[in-house]
Structures are given as C-alpha cells and as structure tokens.
Amino acid sequence: MTSGKNLVAGKWEHNSKAEQFQTVNPKTKVPITTIFQQATLDQINESVKGAYESFDLFAETSLKDRAFFLKCIQEEMLLAKPQILELYQEESALPEGRANGEFQRTIDQIQSFIELLHEGSLTQVCINTKGPDLRKMLYPIGPVVVFGASNFPLAFSTAGGDTISAFSAGCPVVLKAHPYHAGTSELVARAINKSLEKCKLPLSIFSHLGGQSHEIGRLLVSHNLIKGVGFTGSLSGGKALFDLAQKREEPIPVFAEMGSVNPIFILEDKLKTDSSLVKDLAQSVTLGTGQFCTNPGLIVVCNPMNTLDLANELSKSIEGLELPPMVHSNIQNQFDNKLEELESKGKLDTLYLSKSCSAAIGSIQATKFLKDLSLGEEVFGPFTLIVECKTNEEMLKVATLMEGQLTTSILGSISDQEISKKLLSILKSKAGRILFEGVPTGVAVTQAMQHGGPYPASTDSRFTSVGTDAIYRWLRPIVFQDCPNDLLPEILKNENLLGLKRKVDGEITSRAL
Ligand code: NAP
C-alpha cells in the first residue's frame, strides 16, 4: 500500500498543507488513487540534515555491514515484489515481462555490489612504509542526491544503480522520486527504510522526497551539505542541474547520464551480405517503445550502389507493429512534436510513420545531413534516422562531426576492415562503448561495462552509471601520513583484521604489517 507521504530522515511524514499530485496509467489515462504530497522546504532541509548527520557513522561501517544492508534491501524488495510489480505496470503500462525482467535486473545489480563489497578491492588501499608512512584509500564523498529516471522505474530509480552504488560507497542518499512512478518508488523506499531498521543503522541514511516541480531538485542540488548528484534523464534537465552545482559556493560533481543517439555505422559489404540486419535493427529501435538510453536513433550506411533501401525495409517491419504506450504522455507529446517539426521542416528525404504504433523511420542523404547536423539530435522514442552515404569519405565526415555518445557501433565484414580502422580511430574519442556486432540496446551489468560517454552523453565521461565501477563516482582518495595506528580506519590498520588484499610497498598482500 502506498501513502503518498514523504520519507524525511527516516520518518514517513504527512503534511495536510502540501501540494498534491497523482500518477496516471499511461494506457488507460486513469489516475491512480494515491494522493502524493510534494516535499516542502522544511522536509528537504530535514532530509539533507539527517543524511549529513548520519554520514560519519555510515562511512565508517565495514564493507561486510554494508553488504548485509544491501542483502536486506534485496529481501525486502522480494517480499514486496507482487505489490511493486502490480503498481509498476499500472504507473508505466509496461508489460509484465518487462516488469519482471527489470525487477530481476535490479535485484541482480544489488547482488553484484554485494559481491564487490565482500571482495573488498573497491577501497584500493595503497600503503607505503618507506619514507613517510603513507596509507591511502578511497573514502565516501558525503551525502548525495539521486534522481529517479522516468524510463526505468526500478533499475535506474529508487534502488537502482545510482542509489545502490552510493550506499556501497558509504554515502547517505536523498532520493528525488520521479513523479511518473511515485507509487512504485514509495514501495521501494519502504523496502530500503525497513532494511535500515533491520540493520540498526540510522534511518536518516535514506530519505525519499516526491513532487513534480523542478524546484525540489534545484533546492536539493543547491544545498550546501550535499556533496554529489546522480541523474539519468534529458539533456536539458541534466545540464541545468550540472550548471547549478557548478555555481554553488562549493561546486560539487553531478554525474548526469543524458541524451544519446547511439549511431550505428553500417559498412558497404555488411549492408550487402547481412540478412538479419533489418530484423535486428527494427527490434532495437522499437524495444521498450524506444525509451532506452541506448536506443539507436541514427544509422549511417555506406550504400553507393543502392544495394539495400534500409529505410524502406525498416518501415515495412514497423507497419503492423503494436507497442506499449510511452511511460508518460509528456514523453509521447515531446516525441510527437519533434517528429512534427522534422516533417514540417521538410528536411528529411522520407519520413515513415507507422499506423499501428508510435514507431517512425526517417531517411536523408549524407550531403544534406552534413549541412544541418541538428537533424541528428535525440528524438527520444521509437525513431531512427537513416543517413545514406555514397562514399566512405562521407561516412568518415559524419563520424568526425558527431557529438559525444553513450555507444556507437561499427558493423562491417572482413572486406570492410580498412574503413573500419579509420572509423574506429575517430569514434574512440566519441563514445564510451563501441560495438562491432549486434545492437546497442541491452546493457550487460558487469564490471567491464561502460555506460557513459563524452558530453552530451554524460557530464563526466570518466565514469559509468552501470556496472560495479559506478561506485567510483562516490569515492575520493584520502591519504593518512604518519597516522597513529589507533586513529586509522579499520582497513588501513597494521593488523588487517578484515584480511583485505592491500598494496603494501608495491606488493599485493593480505598480511598484517
Ligand atoms: P527529465 O525531464 O530530465 O526529468 C528527470 C528528473 O529530473 C525529474 O525528476 C525532474 O524533476 C528533474 N529535472 C528535470 N529538469 C530539471 C531542472 N531543470 N531542474 C531541476 N530538476 C529537473 O526527464 P524525464 O522526465 O525522465 O523525461 C523527459 C525527457 O527526458 C524525455 O522525453 C527524454 O527526451 C529524456 N530522457 C532521456 C533519457 C536518456 O537516457 N537519454 C532517459 C530518460 C528521459 P520534476 O519533473 O519532478 O520536476
């Protein structure tokens, strides 16, 4: 059951004077009964103060204790699974298979952080005993704000990668719930709150604030006790929050994962010979009604002999397709407006709109595209633009002028290798993940994953928001010089009671000093 209340430094607070809002089923357009309360200024301040006051204690918890906390979150979420899945589907209208898959992905993500904490290398202890005694480790940055994302109500929201990586680092979290799925978010927040209780940790380590005014996010990011921000969403939202954080008296890092069209470059021979290309691309463009950060919004083909009319073939494959509605009417409206703009400007050579769903396919000659690169901006949803190149040189030019991306793909055959090499040398500085097979949708949650790229894909291309390396956004190096053993954090002490592997005078060892 949801209450619509805010969780303020560990207490569910009712405020009869708060502004109210409801979530809506995107398919039926029927509002869901719970009345949610918008967080007030006092609640924002109280939440941040609570997070700040609990920081020292949380930062000093052992990695084992933090792993147990995450285990409890998994258990509480599993106990509430039927209610979470029911509300997830009502608030997003995403199908049962997707709901189940995203729930399991969220549980698996938590599991990967549990394993990371047990393994212990995340603190990167480095000790130098010759000369001054230097003991370096990674330490949590402090209380952070996390924004729930609209397109993944579980995996990139309340107990998603941002929150769980921050908890693993030892950072308290103030969560700004996404207003499109406030109920799902509340149910997950309850699981986190109960887990803190079970672990006898300060409840103020986690707050959950609702609202549908940008003001709440702005106040949280501006608060002088907040030390970092995690965000997934629009370029305009991420950039606004980033700018705000840089203008503070004490600037703080904002790790925003924003727009990306994930260009796929298809080379001449591949276009001729790969019979599954059309099916794979159509599936990737329309997966999750196109609302994935890794959705391929731009496909650049080298097609000098007109061997395949890819736009036409893709158009055929979306003809009778049925797709779930987009997660909110605002996203659908933005999608429709952008397509209308493309159509009315008449800048594309063709624009095919499916009659059975929202999917759309556009095409344009590279010579025209190169004169107006704004045509390559993200149209968030099931749309892709095919850019037709007549020569490899045109393709290289498109690659050179491309903005930063989460992913880019080079699909070529053996005989395309020479041009692949040239493309690769350009694309290495454009994207965080470069694929040579398949499609960019589907992001493996492993330590080797990189989900983040040069601006505007994200605000700091050195970090990832998927996979266990996401934890490094919330940690900073600190070195203790000639510090008495008793004053050192447990993992730096001579005894090494936790038996962690440490780098001591250049040697990896778990022995005591
Ligand atoms: P959004 O508008 O960026 O909002 C995400 C969160 O950030 C919301 O909680 C919102 O708060 C807050 N926010 C946005 N702008 C803000 C600002 N200027 N100041 C303070 N807070 C701000 O994204 P969305 O609602 O998820 O979807 C809208 C559009 O985002 C989509 O149409 C799509 O273009 C894009 N999007 C892209 C990706 C991607 O991965 N590339 C993913 C999701 C969405 P409130 O709404 O509560 O004020």
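**View 1. The two sides of helix 15 (residues 417-427) in a predicted model.** Gln417, Glu418, Lys421 and Ser425 are exposed and sit on the face of helix 15 turned away from its buried side. Exposed stands for over 50% relative accessible area, buried for under 20%, and partly exposed for values in between (1.4 Å probe, protein chains only). Helices (H or I, at least four residues) and strands (E, at least two) are DSSP runs, numbered from the N terminus. The buried residues of helix 15 are Ile419, Ser420, Leu423, Ile426 and Leu427. They lie on the same side of helix 15 because they cover an arc of only 125° around the axis, the arc being that of the directions from the helix axis to the C-beta atoms. Their cover includes strand 12 (264-266), helix 14 (392-401), strand 17 (405-411) and strand 18 (431-435).

Residues are numbered from 1 along each chain as its sequence is written. Local features need pLDDT of at least 70 and side-chain atom pairs count only at pLDDT 80 or more, while totals for chains, interfaces and linings use all residues; side-chain values use heavy atoms, with hydrogens and water left out.

**View 2. Strand 8 (residues 173-176) and strand 9.** The two strands pair in the parallel sense over four bridges; pairing requires at least two bridges found by DSSP. Val174 has Ser207 of strand 9 as its bridge partner. Strand 9 (residues 206-209) is covered on both faces, with Phe206 and His208 buried on one side and Ser207 and Leu209 buried on the other.

**View 3. The largest nonpolar core.** A nonpolar core is a set of buried Ala, Val, Leu, Ile, Met, Phe, Trp, Tyr and Cys residues joined through side-chain atoms within 4.5 Å. This one has 89 residues, of which Phe69, Leu70 and Phe167 touch the most other members. Helix 4 (residues 96-119) gives the most to this core, with eight residues. Phe167 is in contact (heavy atoms within 4.5 Å) with several residues, among them Phe58, Arg66, Ile192 and Phe206, leaving aside residues up to four places away in sequence. A second, separate core of 22 residues includes Val174, Ile226, Val229 and Leu241.

**View 4. Backbone details in three loops.** The peptide bond from Tyr455 to Pro456 is cis, with omega near 5°, and Pro456 is in the loop between strand 18 and strand 19 (475-481). Lys29 is not a glycine but has a positive phi of about 65°. Lys29 is in the loop between strand 3 (20-21) and strand 4 (36-37), and is exposed, at 54% relative accessible area. Asp482, in the loop between strand 19 and strand 20 (502-504), has a positive phi near 50°.
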